[in-house]
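Colleague: Please take me for a close look at one part of this model, beginning with a single loop and its residue, and then work outwards to the rings and helix contacts. I would like one connected account, with the reasoning behind each label spelled out.

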Amino acid sequence: MLRVRFAPSPTGFLHIGSARTFIFNWLYARRHGGQVILRIDDTDVERNTEESLASIFEGLKWLELAWDEQYRQSERLERHRQMAQVIFDKGLAYRDFSPAHGDADERPYGEGPWLFHPDMRAMSREESDRRAAAGEPFVLRFCVPRETRDKIVFTDLVYGEQCKATADIEDFALLRSNGMPTYHMASCADDVDLRITHIIRGQDHLTNTFKHVLIFEALGAPVPQFAHLPLLVAPDGSKLSKRRHGQVVSVTTYRDCGFLPQAYVNFLCLLGWSPKDNREYLTLDELIAAFSFEGVNRHNAVVNFTPENPIDPKALWLNTQHLRQMDVRDLARYVRPVLERAGLAAPSEDRFLQVLEVIRTRYQTLNDFVTRGRAYFAEDYEITPEASDKLNQPGARELLHELAARLEAAAEFTEHSVETELRNLAAERGVKAGLIINAARAILTGQTVGPSAFAVFTALGRERAIERLRRA
RNA sequence: GGCGCUAUCGUCUAAGGGUUAGGACGGAGCCCUCUCAAGGCUCAAAUACGGGUUCGAAUCCCGUUAGCGCUACCA
């Protein structure tokens, strides 16, 4: 059984880069009938918060991509320590009693990589046991087998064969001096226990993978497949950070801006991946069918935003595409709660769908339905100054009143019949149809821009349309 | 500093030895039209640099440059 995992650490909100990693994991699993495991990597007690955990769930929930199992690393600490002990018992790790080296600036760079403290690595087991028993704090380090192996090799599904000399891999920590497992230890231990077959994660872990291969082997476990993904970066190439780039890095920002989750998922997939057939608009099902690591490229992708315009224009364009191409009944499910939050009520289902069909092609976000589309759902819409100009054209109001009378008397009320009545009236009075059309749109919607005026009439319905004409 | 990864229009990308280097967003223009969108059409816009290999290189190799990542108890 193919099993993938998404392992966020709760140190902030759900980052768009993390969201994309989750999406790629999810797509790969669904593509191959596998399972998705959500694992909260919360071994860093200093930085993890419950608030951040909640916000990560909030982001994941919005994406509407369900996972199959869920774990929390902090609940498995004993297991991690056990597995570190197994490695130690096999003689593949040793205790390092050196005091913590605090300041990163003091690192002795210059002569090459730091590998280990020679006296610690060479310490006899007896002395090590004695000092540990005496309560002296230590870090448990993996003993990289530089004498017996000259390199570590694995094949990455995206980056191809990766090779690194053991002489360039330091004796990394497995357990901290406070007994807590490090990321490397906890992550690999869980990947083994949870029977993860494919590790799909950010490229920032590519060089860590050599260490992980060593751990899997030391544990006697099968080494999973790896697929590293290029990173999402800011326009200047730097990594996206909350401090420097603010809200653009949080997925909830896009939810709040009125994005459809499937549109945002579509957008994120196009950063670093391509179906290679020129398609840009893809539904979730199409994404599942098309996804493969062949289509993932190896260089970082820039999220295109500026301080003035924090939303990538392509993301917005994809949202408009989904808005107008998705099943209108699905769209209704997304618009309804947005209306409710704004204190507006959706009309009956048939009318609602009709309204959506009329206005969806010119809106970009869900929020537009309550701002630009307010007149379709409420009576207290504003008349813009431009709209007032149209109504103040000579004779315009009187013509609208006359039109109201004729529409009330007419046998039918369809786009076509309204158009006929309106054009007849214009012809009889010797005015341009546009005068009445634009004035009608102005009073009906409060705006000079929008759908065909005739479609507005039928979308509003006979009674409401006539009533508004009379109000002119 | 060491090690690893990467480099095609402004941005996202296609082309994995032979194409006028394709598509999309964004930009400019035209058509359509009751307005605004949508839609259709057109235009501008790229192979980081230098060497090789080859009849032929965006594509393979080397170097340079640049960016990113990892680098003594963050994930």
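Modeller: Helices and strands are here runs assigned by DSSP, at least four residues of H or I for a helix and at least two of E for a strand, and they are numbered from the N terminus. The model is a predicted one, and every value below should be read with that in mind.

With those names in place, H32 can be located in the loop between α1 and β2, the latter covering residues 35-40. Is H32 buried, partly exposed or exposed? Its relative accessible area is 41%, and because the label partly exposed covers the range between 20% and 50%, H32 is placed in that middle class. As for its position relative to a remote part of the chain, the C-alpha atoms of H32 and K239 are separated by 31 Å, and the two residues are 207 apart along the chain.

Two other loop residues deserve a look for their backbone. Most residues other than glycine have a negative phi. R195, however, has a positive phi, near 55°, and is not a glycine; this residue lies in the loop between α6 (183-193) and β9 (198-202). K276 is also a residue other than glycine with a positive phi, in this case about 65°, and its place is the loop between α10 and α11, where α11 spans 284-290. Exposed means a relative accessible area over 50%, so R195, at 53%, is exposed, and K276, at 63%, is exposed as well.

The aromatic rings come next. A pair of rings is described by the distance of the centres and the angle of the planes. Counting pairs whose ring centres lie within 6.5 Å, the model has 19 aromatic pairs. One of them joins F22 and W67, with centres 6.3 Å apart and planes at 75°, and since planes over 60 degrees apart count as edge-to-face, that is the label for this pair. The pair links distant parts of the chain, for F22 belongs to helix α1 (residues 16-31), whereas W67 sits in the loop between α2 (50-63) and β3 (69-72), 45 residues away. The two partners fall into separate accessibility classes: F22 has a relative accessible area of 0% and is buried, while W67, at 23%, counts as partly exposed. A further edge-to-face pair is made by F291 and F293, whose centres are 5.6 Å apart and whose planes stand at 80°. Both F291 and F293 are buried, and they belong to one aromatic cluster together with F24, Y28 and W273.

The helix contacts complete the picture. Two packed helices are described by the angle between their axes and the distance between the axes. Helix α10 (residues 261-269), which precedes the loop that holds K276, packs on helix α12 (residues 313-325) at about 135°, with the axes 9 Å apart. That angle makes α10 oblique to α12, and the crossing is right-handed. Q262, A263, N266 and F267 of α10 meet K314, A315, L318, N319 and H322 of α12, a set that divides into 4 nonpolar, 4 polar and 1 charged.

Helix α17 (residues 415-429) and helix α18 (residues 433-445) cross at roughly 130°, and their axes come within 8 Å. These two helices are therefore oblique to each other, and their crossing is right-handed. L422, R423, L425 and A426 of α17 make the contact with A433, I436 and I437 of α18; by class, this contact has 6 nonpolar, no polar and 1 charged residues.

How do α16 and α20 pack, and at what angle? Helix α16 (residues 396-409) and helix α20 (residues 462-471) lie with their axes 8 Å apart, at an angle of about 155°. Because an angle over 145 degrees counts as roughly antiparallel, α16 and α20 receive that description, and their crossing is left-handed. On the α16 side the contact is made by L400, H401, L403, A404, A405, L407 and E408, and on the α20 side by R462, I466, L469 and R470, with 7 nonpolar, 1 polar and 3 charged residues by class.

Definitions and conventions:
Residues are numbered from 1 along each chain as its sequence is written. Chains are lettered from A and ligands numbered from 1 in the order in which they are written. This is a predicted model: local features need pLDDT of at least 70, side-chain atom pairs count only at pLDDT 80 or more; totals for chains, interfaces and linings use all residues. Side-chain values use heavy atoms; hydrogens and water are left out. Axes are lines fitted to C-alpha atoms, for helices over the stretch in contact, and angles run from 0 to 180 degrees between N-to-C directions. Angles under 35 degrees count as roughly parallel, over 145 as roughly antiparallel, 65 to 115 as roughly perpendicular and the rest as oblique. A crossing is left-handed if the near helix is turned anticlockwise from the far one by less than a right angle, and right-handed if clockwise. Contact means heavy atoms within 4.5 Å. Ala, Val, Leu, Ile, Met, Phe, Trp, Tyr, Cys and Pro count as nonpolar, Asp, Glu, Lys and Arg as charged, and the others, Gly among them, as polar. Rings of Phe, Tyr and Trp (its six-membered ring) pair if their centres lie within 6.5 Å; planes under 30 degrees apart count as stacked, over 60 as edge-to-face and the rest as tilted. Buried means under 20% relative accessible area, exposed over 50%, partly exposed in between (1.4 Å probe, protein chains only).
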